[in-house]
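Student: I have a chain open in the viewer and want to go through how it is put together. Can you take my questions as they come?

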Amino acid sequence: MRTADLVLLCFDDTVTQITEFTEISRWVAEFGKQAIAVLNVKNALWRQPPRVPDPAFRRQLSDAVAQSALWLQGQLAEIGLPEVPIVAINSRRAAYARLPEDYDGYDATTFRKHRRDYGVANLMAWSHVDVLERLMTRAITTDAVGLRLGSLSRQLVSQASGGARELTELAADLRGRAVVVEQAIAKVLWLFGDAQHLHHAAGAEAVPPATARVLANLEELQRRSGQAIFTDRPGVVVDFVTNLMTSHFGPLERDALRRAEVLVDDAFARNRVIEGDEFAKTVFQQQEVELAVQAVAASFTSHLRHRLDAVEADLHVSLPATSTSFDGSAGKGLQAGGNFVRYGTAIAAAGTVVFPPMALVGIVGDVVGRRFRKKGLIQKRESRAAALAQARLAVREYFLNMSQEVQARLLRIAFDQVVASISELVRSALSLRGQEHRALRQAALLTSASGEIGPTGLGRHAVSAAVASIEAEYAATGRPGRRVWLGDDWVDDAPGATADDGSTARPFPAEHRVAAARVTQTVRRARPVAAGSAQRWLHTWKGNGHDPAADPGAEAALAQLRSLLAEQAPRVAVVGERGTGKTALVRRMVSLTGAPVRVQTGPTSQVHHYPWEGVTLVDTPPLGDPGTTEALHDAAFIWYVLSPNLTATPHLAGVISGDPANGVLSRADRVIFVIGHADVMGADPVESPEEFVRRCRRKEAELLSELHRIQGPQDRPIAAVQVVSLAPDPVTGTGQPADWDGTEDFCDGWRSSRAWLLPSAVDAGVLLSAVGRLSGLTEAAQLAKAAVEEEMDSLGMLQADLRLRLENATALRSAAADRLDWIVTGAIRTHLDQWDAATDKEEQAAIARQILHLHERPDVQAYVDEWAADTQRQVEHWAQDMETFDPGPAIPHQRDPNLRLQARFLQRAAEASVLGRPAARWPGWPSSSRWAGSPARAARPPRGSSGSPRSCR
């Protein structure tokens, strides 16, 4: 193909698989090859004047060839070859003219008879091959050098352009793959936000060389990709950790503050000094703190795992395994108190790589050891308020330092986990981007090279010029020039040479008529079905309590089955590929019975039903059409029509073997395989009936062998009697059906089998249809069940994530309310202390008035505003985390990217006053209940007179 200057595309006029030439047509178009389409007419009567003396019948034969050529021209246009000329020939007759006299090969008897009766010159003229050779010669000799040079130039340009196009397509494919991987990386990095936050999460600790390489590759990928891998929005990890620590450490801090207050009061009451060990042991409940740290670590690792799993599920990217474990159950049962503080630090440090939460337990020990191992930290002071302030400051510094270290350790864990998760993805994305760049560079080089090749227009119109030249010569003789290509000139010619007496048509040998016997045996060997079994099955189904309203799909199938049973005429489905002669077979069967039924003409695009001999013949579109599939379900018997080319398709295997996995039963014993167009097998049934029969039997044996191969080991293999050769629409010189076409015998076989067929065929059709239809419903139900289970799994994952966020929001709300209560009680406590110290009633009354107007004090209002700002910021961070969580990829029925989670508690938070109006607008002193719905971070109490937070008496 690549080295040819002229290409011949050869087709038959029976069943032409035009799709086989799609790739060749692409080569012809790309290489700029000159092409001629050759239509081999297999009808032995075409262009054989002695056999067809009637001009009207000649015109009928030529019109049939013209129709085939017109269809072929349309198909060639669809595959990109609209200007290719079509020349009709009879290759068999040309071979008879060109073979040597001593030929003794295939069909030698017919060869010698034709050479003797018609002569070489007539056989050659009737084959029409001389016109094809003339066209080829004219196209080549007109400009042989230009044809060759132009073909080579176009081939080089086509190959270079094709290579550039393939490289460009490869680059586009690589780019698409890289984008998918980069999107997965971006979704993971979104946990931290921009690059600065990612590097900040690494902390002061040095990163390993492998991690440094990943970060460097990440920067290089950002440069190559041209798209944003890092987001400019803040990441969710820091906020999530902050919220977690606030919700878990906040209550512990408040309890510690209260215990510190009680301890200071007791020390002043007993006039004693509080040592560091006593303060640490009394104020800080080591076991509670460690459990809180473990809870924070477990929640954080679960959240991080969920985020990474969501990225993997969303983009179907397999993230590599990492060395950090997500096991949240390890580390339980640790002791608290005593000297465990230092021992715990060493144990946790050894287990940092294995279990992150255990490493966090060590933080507690470090903080306690650094702060409270020193004696004399709390000493008796002259001012109890100063002692309370110092105790409060110590508690706050302890929890602040612990929170900072927990956050740093958790962020480093997240950093290591994320870097390990994206390392292979970054490497793959860089590789894809590098390959994309190289492919584009090579494509540019090929494009440049193709532009430097010499002229490519030489010889491009050689065939079209030859066609025009030959048509002009024919037109000069008074005949239409275009008629030459399809051999129409024989229509008006004299009969010419005639055959001798040996060519006179004789009756077809009766011993070769086997169709009737084969049909009868096929019907009788089919597995019988008891009469009335379909009615009993339908009654049993109804009696078993079938509820039509509960299962409308099954009820619709049952209604169709009842309708099929009510027909009382078994259906015979006539199926096959396009152009195999299905409609011709139906038309011939109907005409043989003389039934007043009009069979549709033209290509079959929908299912048609025709009553015939007590059954219903179902003419169907080509296999694969939904109507054909349904017709197969309802058929008691099947006529499977094939072309002589015996082109097998996947549909053939489905009919033979069924689909046991989906409940579709095999129909192998209820199928008759019909080889249609038997008159174009290559032997003339009139001149060489013996050779015609041999070819039919050979084709039948070939088909039976292929059927057995497809069928595999079955209990009842397909029998030879299930295969017949017919010519439903034979072309004869008399214009009448022939005695050799087998259709009348085929019809007689069905007539004689009616007594055996009719009693049980209706039941067989209904039951077979029931299996197919209900199996389809079962398969659909299983798919629906699998989809529901998948959705339930997704909803379970979503529910767990939402539960975690709800718990976090509830804890933050309580922390905010307690913090506001702590601010208020701290301010009131200062005045109460002053009231206690007052010596006269006027001073006490003044202090009472100050308490009533406490909300008017600027310093108190400043602290409340500061608390409100912190609370507002926490709410916004929490709400932002909720808004960025998109359940769409996790829930099959929520694929809309605009959907965001609408949780009731989020709606309540949006309606809360903290979100609804700024703190500056508060008209008066807020009660603690006003802030019950708002999470908060720690806020400092009023500095006033160093009052300590405790409950108002």
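Student: In S6, which residue does Trp612 stand opposite?
Tutor: Trp612 faces Val615 in S6. Keep in mind that this is a predicted model. Strand S6 covers residues 615-619, and 5 bridges join S5 to S6, the two running antiparallel.

Student: What is the strand order in the open sheet of 6 strands?
Tutor: The order is S5-S6-S4-S7-S8-S9, and the pairing is mixed. S5 (608-612) and S9 (723-725) stand at the edges with a single partner strand each, so one side of each has no neighbour in the sheet. From one strand to the next, the twist averages 25 degrees.

Student: Which strands does helix H19 lie across?
Tutor: H19, residues 582-593, lies across S4 (571-576), S5, S6, S7 (637-642) and S8 (671-675). Relative to S6, H19 runs at about 150 degrees.

Student: There is also an open sheet of 3 strands. How are they ordered?
Tutor: The order there is S1-S2-S3, with parallel pairing. The edge strands are S1 (6-12) and S3 (86-89), each of which pairs on one side only. Neighbouring strands in this sheet are turned by 25 degrees against each other on average, ignoring direction.

Student: How many bridges join S1 to S2?
Tutor: There are 7 bridges between S1 and S2, and S2 spans residues 34-40. As an example of a pair, Cys10 has Val38 in S2 as its bridge partner.

Student: Switching to helices. Which residues of H7 are buried?
Tutor: Leu198, Ala201 and Ala202 are buried in H7, which covers residues 195-202. Seen down the axis of H7, the buried residues fall within an arc of 110 degrees, so they line one face of the helix.

Student: Is there a general reason for that kind of spacing?
Tutor: An α-helix has 3.6 residues a turn, so residues three or four places apart point the same way.

Student: And on the other side of H7, what is exposed?
Tutor: Gln196 and His200 are exposed there. The buried residues of H7 pack against H6 (144-189), H8 (209-225) and H14 (384-451).

Student: What follows H7?
Tutor: Gly203 does, with a positive phi near 75 degrees.

Student: You mentioned H14. Glu436 has its place in that helix; is Glu436 buried or exposed?
Tutor: Glu436 is buried: its relative accessible area is 9%, and the cut-off for buried is under 20%.

Student: What is Glu436 in contact with, leaving aside neighbours within four places in sequence?
Tutor: Glu436 is in contact with Ala171, Leu174 and Arg175.

Student: At what angle do H9 and H10 pack?
Tutor: H9 (residues 236-270) and H10 (residues 276-283) pack at about 135 degrees, and their axes are 9 Å apart. The two helices are therefore oblique to each other. H9 passes H10 in a right-handed crossing.

Student: Which residues make the contact?
Tutor: From H9, they are Ala256, Arg259, Ala260 and Leu263. From H10, they are Glu278, Phe279, Thr282 and Val283.

Student: Last topic, the whole chain. How many helices and strands are there?
Tutor: The chain has 28 helices and 9 strands. Of its 953 residues, 47% are buried.

Student: What percentage of contacts join residues at least 24 apart?
Tutor: It is 80%, taken among contacts in the chain between residues at least 6 apart in sequence.

Conventions: Residues are numbered from 1 along each chain as its sequence is written. This is a predicted model: local features need pLDDT of at least 70, side-chain atom pairs count only at pLDDT 80 or more; totals for chains, interfaces and linings use all residues. Side-chain values use heavy atoms; hydrogens and water are left out. Two strands pair if DSSP finds at least two bridges between them. Helices (H or I, at least four residues) and strands (E, at least two) are DSSP runs, numbered from the N terminus. Axes are lines fitted to C-alpha atoms, for helices over the stretch in contact, and angles run from 0 to 180 degrees between N-to-C directions. Contact means heavy atoms within 4.5 Å. Buried means under 20% relative accessible area, exposed over 50%, partly exposed in between (1.4 Å probe, protein chains only). The arc is that of the directions from the helix axis to the C-beta atoms. Angles under 35 degrees count as roughly parallel, over 145 as roughly antiparallel, 65 to 115 as roughly perpendicular and the rest as oblique. A crossing is left-handed if the near helix is turned anticlockwise from the far one by less than a right angle, and right-handed if clockwise.
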